[in-house]
Every structure is written in structure tokens, then in C-alpha cells.
Amino acid sequence: MPSLTDEQRAALASVLAAGPKVRKLARRFEAAGHELYLVGGSVRDALLGELGNDLDYTTSARPDEIEALVRTVTRAVWDVGRAFGTIACRVTEDDGRDWLVEITTFRADSYADHTRKPEVVFGDHLGGDLVRRDFTVNAMALRTLDGELLDPFGGLGDLVARVIRTPAAAELSFSDDPLRMLRAARFTSQLGFEPDADVVSAMTAMASRITIVSAERIRDELVKLLLTDNPRPGLNLLVQTGLADIVLPELSALRMERDEHNRHKDVYEHTLTVLDQAIELEKSRGHAPDIVNRLAAIFHDVGKPKTRRFEPGGKVSFHHHDVVGAKLTTKRMQALKFSSEETKAVAKLVELHLRFHGYSDGEWTDAAVRRYVRDAGDQLERLHILTRSDCTTRNVRKAQSLRRAYEELEWRIDELAAQEELDAIRPDLDGTQIMALLGIPEGREVGQAYKFLLERRMEDGPLGEERAKRELLDWWAGRTANG
């Protein structure tokens with residue numbers, strides 16, 4: 001095992017000295033005759049100098065004993081998974097610092113051949129617990145009693161070498177918990193590490209075993225991957241090993257065969273570039289990592305494989321790939337159990353991602369700007385990010401032209417918004433006023449009148465109540481005269 005650096009020793013020592021109340025908690029377990037170890041990601045992050053306020057421990061105590069001991073230190077205790085051996089608590093130091101602590105009984109869990117839920121077996125020693133951990137860099141433990149680093153599987157060496165490797169044989173590890181294959185992809189992106197050859201080989205051979213894992217757990221792991229600063233390596237690993245064919249087949253399908261004349265760009269690589277650029281725009285525009293934004297980047301062109309046509313004259317077309325892509329997006333996100341709100345937002349962005357290009361070559365009329373804002377609704381900022389990110393051309397002049405055109409559009413939106421409250425575009429008369437003016441009851445005709453006024457609002461901006469009434473009466477009279 002490589003020797004700890006002075007910085008790493010200091011980092012581990014600082015974790016053990018985290019705070020008086022955390023140390024008190026450790027002493028309570030020791031006094032009760034139980035082993036207690038800081039473990040997993042907490043040790044890994046401490047060694048990387050990136051430990052936050054989350055502390056994960058493993059212990060010989062059973063869940064009821066854990067809870068009883070924890071309650072002697074803090075009243076902020078909750079059950080996050082007693083059946084899995086885990087009790088959580090919040091420890092607040094006198095200086096106001098909060099630690100979020102999870103303590104789990106030594107355990108070993110595995111999946112039967114066709115079940116979606118792991119079987120949990122509590123263990124009696126640390127070695128059995130560490131061997132069931134997903135990767136060696138997460139299979140190190142720090143003994144709270146004396147600060148000794150326990151590293152039976154060479155995690156420190158792999159941390160230094162920046163390698164993703166499993167404590168047990170990769171095939172056995174992934175058979176016990178197939179979700180670890182997705183975690184391998186996530187850590188490849190999150191840590192910037194490389195999976196070793198055995199991990200890649202096992203992921204490829206065992207990809208189909210992911211089907212026994214619930215859609216919700218798969219979704220959560222994909223979200224964690226996409227919310228890293230650099231999802232591309234992890235996504236490439238999923239595609240390379242065939243896991244994406246099962247959990248995100250629309251992404252794999254973007255690797256369409258190029259025709260011999262290379263008459264269209266590599267859609268898969270284009271998609272990953274759009275994702276990279278969307279992440280950079282998130283940061284530059286002051287946004288936190290946004291799963292809707294990143295899913296929209298991933299899905300925006302998924303309609304292309306189904307709509308690709310080779311046209312006379314050598315061109316390649318993807319007519320209506322935005323509409324087809326929105327439907328495919330909805331279907332996949334529903335299968336992965338995303339919320340209805342997230343699904344609708346991403347599908348809307350996919351369907352609208354080409355809207356800008358319909359106007360990019362000409363003047364943006366006020367009516368066109370209003371319609372663009374109305375159609376985007378509460379997704380306007382995300383549509384800005386997606387549309388800007390979708391420019392991946394290497395033609396510098398074309399890229400500059402598109403950038404200027406979109407900057408002009410955003411300026412026009414801001415200008416009109418200041419004048420007209422674009423975020424709440426409505427007709428100048430509401431339904432009650434329409435019924436009173438036309439002398440009609442609720443029904444289809446009110447909706448038609450409302451739609452007419454909305455169109456007039458789009459074309460000419462705010463009409464004012466009196467003008468709106470005149471135009472509505474003229475429209476109604478003409479409609480009545482025409483039968």
C-alpha cells in the first residue's frame with residue numbers, strides 16, 4: 001500500500017477531530033463495546049481533500065442499538081433504512097457546524113437472479129462489509145478508536161493511480177448488485193478516474209443483468225452521472241459496454257452509420273458536445289447543475305435516427321425529428337419514472353429546439369418574438385441554453401452568425417418584455433368580458449373568441465380594452481354574417 005502523504009494524514013486526522021459532539025458519538029459506541037469506522041466515500045473524499053459535511057460510518061451495532069446510542073448525543077435522528085441497517089442523524093456543534101451522519105450495521109447484500117430488491121444480511125466484521133463495497137476507493141475504513149486506515153483491497157493505491165476497480169472479482173461484484181455497473185460510469189465522470197480492464201469487460205458481459213434493477217434506482221444513478229461536471233466519459237462507458245442499449249437506448253441509437261460521403265455530422269458526438277456546451281452555459285449564466293437542461297441536451301436529437309432520409313442530390317434530411325424526438329423523450333423518461341413535471345419540461349424543449357432556426361435567417365418581427373416566448377413558457381431560459389448549445393459547427397463564420405442572431409433574439413425578448421410583460425401574454429379581454437360583450441354563454445364560441453384575441457395580441461401587442469372590444473365585435477359580426 002502506498003504511504004500516506006503528510007496532507008492525507010492531516011486530512012484524516014482532521015476528520016477524526018471533526019468536532020466535540022461527533023467525537024462524543026464515537027466514544028459512546030466504543031463504551032458500548034461496538035466497533036465504529038468512518039467508511040466509503042467519506043474516507044475517499046477526505047483523502048482527496050474534498051470532504052463536505054456528510055460522514056458515513058459502519059459499525060458492529062444493530063440498527064436499534066445505533067439509534068439508542070445516537071439519541072444520547074442528538075435528538076435529530078431519523079430512520080433512512082432500518083431494514084438495510086441505516087440510521088441517520090444531524091449533529092450540530094457548538095460553533096454551529098452541522099454534520100449529517102449515517103451509521104450502518106456491517107452488512108452484505110446481493111440480488112437473487114430475478115429480483116429487483118437486494119437481500120440484506122447483517123455482518124459481524126468489517127472485512128465482510130468492505131468486500132461488498134462497490135469499488136476499492138470506497139472500501140477503505142478509518143478506525144475512530146486510533147485513526148488507523150484499513151485498506152485491505154488497495155484502495156489508496158487505486159486512488160493515487162486514479163483507477164476504478166472492484167474489491168471482489170468484477171463479475172461477482174456486479175452480479176451481487178448490478179447497479180454498480182452504472183456507478184462505475186458515474187465515478188468515471190465524477191472522479192475523473194479510468195475503469196480498469198476487468199471492470200469494462202464485466203460491464204460488457206453482464207450488461208443485461210441491469211434489467212433486474214428497478215427503474216427508479218437506474219434513474220437516480222443516471223441523474224447523478226448527468227449532474228457531474230463532466231458526464232461525457234461516463235456516458236461513453238455506458239455506450240461502449242452496451243449498458244446504454246438497455247437503460248438509455250436513444251443515446252446509443254445516435255451512433256448512426258455514416259454514409260460513404262459523410263453527408264451529415266456524427267449525431268452522437270454532436271449530442272455530447274451540446275451537453276458539454278450546455279454545462280458551460282449553465283455555469284456562465286449563474287445556474288446550478290440542472291437535470292432538465294442536461295436531459296434536453298441528451299435527448300434533443302433522438303428523433304434523427306427514425307427520420308433520416310437520403311434526398312436526391314446527396315443531401316440528408318431529418319424532417320420533423322423535433323416532434324418525433326419529443327415523443328421518444330416522453331416515452332423514455334416515463335419508463336425511467338421521472339416526474340411528470342420534468343418529463344413535460346424536457347419534451348417541450350426537445351420539440352422547440354429548432355424553433356429559433358426558423359427565424360435565424362431573417363428579421364424577428366414582434367409577433368415572432370411573442371410567439372417564441374409564449375411557446376417556451378416557463379422553459380424560456382432553458383431553451384436559450386439548449387439553442388445556443390446546439391451550435392457545434394466548425395465553420396467560424398457560421399458560428400459567429402448564429403451567435404449574433406441569438407443574441408439579437410434575446411435582446412428583442414428583453415426589450416419587448418419591458419414594454420409588454422411577455423411572461424404573461426394574454427388577450428386584452430378575459431372570458432367573462434367576452435361573454436358579456438357578445439351575449440353568449442360558456443362554451444366553444446368563447447374559446448374561439450379568446451383565441452382570436454390572443455392572435456391579435458401576438459400580432460400587434462397590447463390592444464387596450466376599447467380596441468379589443470371593437471375588433472372582437474367586428475370579428476363576431478363577420479363570423480355571424482358568414483353563417
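This text walks through a predicted model, from its sheet to its charged pairs and a few single residues.

Start with the sheet. It is open and has 7 strands. Their order is E3-E4-E5-E2-E1-E8-E9, and the pairing is mixed. E3 and E9 are the edge strands, with E9 covering residues 149-150. Each of these two pairs on one side only. Strands of a sheet pair through backbone hydrogen bonds, and the pairing can be parallel or antiparallel. Both kinds can be followed from E5.

Strand E5 covers residues 98-105, and strand E4 covers residues 86-92. The two run antiparallel and are joined by 7 bridges. Isoleucine 87 has isoleucine 103 of E5 opposite it. Cysteine 89 has valine 101 in E5 as its bridge partner. E4 and E5 also form a hairpin, with 5 residues between them. In that turn sits glycine 96, which has a positive phi of about 95 degrees.

Now turn to the pairing of E5 with strand E2, residues 54-59. Here the strands run parallel, and 6 bridges join them. Leucine 55 stands opposite valine 101 in E5. Valine 101 is thus a point to look at from either side: it is the bridge partner of cysteine 89, and it faces leucine 55 as well.

Go next to the edge at E3. This strand spans residues 77-81 and holds tryptophan 78. Tryptophan 78 has a relative accessible area of 36%, so it counts as partly exposed. Together with Val80 and Leu100, Trp78 makes a nonpolar surface patch of about 250 Å². In a regular strand, side chains alternate between the two faces of the sheet.

Arginine 107 lies in another strand, E6, residues 107-110. Its relative accessible area is 16%, so arginine 107 is buried; the cut-off is under 20%. The side chain of arginine 107 reaches the backbone oxygen of phenylalanine 84 at 2.5 Å. Leaving aside residues up to four places away in sequence, arginine 107 touches Phe84, Thr86, Val121, Phe122, Gly123, Gly128, Asp129 and Arg132. Phe84 therefore appears twice: as a contact and as the residue whose backbone oxygen is reached.Charged pairs come next. The whole structure contains 27 salt bridges. One of them links aspartate 177 to arginine 217, with the closest N and O atoms 4.0 Å apart. Aspartate 177 lies in the loop between helix H7 (170-176) and helix H8 (179-190), while arginine 217 lies in helix H10 (residues 215-226), so the pair ties together parts that are 40 residues apart in sequence. The two ends are not covered alike. Aspartate 177 is buried, at 6% relative accessibility. Arginine 217 is partly exposed, with a relative accessible area of 27%.

A second bridge stays within one helix. The side chains of glutamate 280 and lysine 283 meet at 3.9 Å, N to O. Both residues belong to helix H14 and sit 3 residues apart, about one turn of the helix. Glutamate 280 is partly exposed, at 49% relative accessibility. Lysine 283 is partly exposed too, with a relative accessible area of 45%.

Aspartate 301 and lysine 304 give a third example, with the closest N and O atoms 3.5 Å apart. Aspartate 301 is buried, with a relative accessible area of 2%. Lysine 304 is buried as well, at 12%. Elsewhere, salt bridges that share partners join Asp64, Glu67, Arg71, Asp79 and Arg82 into one network.

Finish at aspartate 290. It lies in the loop between helix H14 (267-284) and helix H15 (291-299). Aspartate 290 counts as buried, at 17% relative accessibility. Its side chain makes a polar contact with the side chain of arginine 382, at 2.7 Å. Apart from residues up to four places away in sequence, aspartate 290 touches Leu227, Glu282 and Arg382.

Notes
Residues numbered from 1 in each chain as written. Predicted model: local features only at pLDDT ≥ 70, side-chain atom pairs only at ≥ 80, totals over all residues. Heavy atoms only, no water. Patch = residues over 30% accessible without salt bridge, like charges linked within 9 Å, V, L, I, M, F, W, Y side chains within 5 Å. Areas by Shrake-Rupley, 256 points an atom, 1.4 Å probe, with all protein chains shown as cover. Helix = DSSP H or I, 4+ residues; strand = E, 2+ residues; numbered from the N terminus. Buried < 20%, exposed > 50% of the residue type's maximum accessible area, 1.4 Å probe, protein only. Polar contact = N/O pair within 3.5 Å; in protein donor to acceptor, adjacent residues only side chain to side chain. Contact = heavy atoms within 4.5 Å. Pairing = 2+ DSSP bridges.
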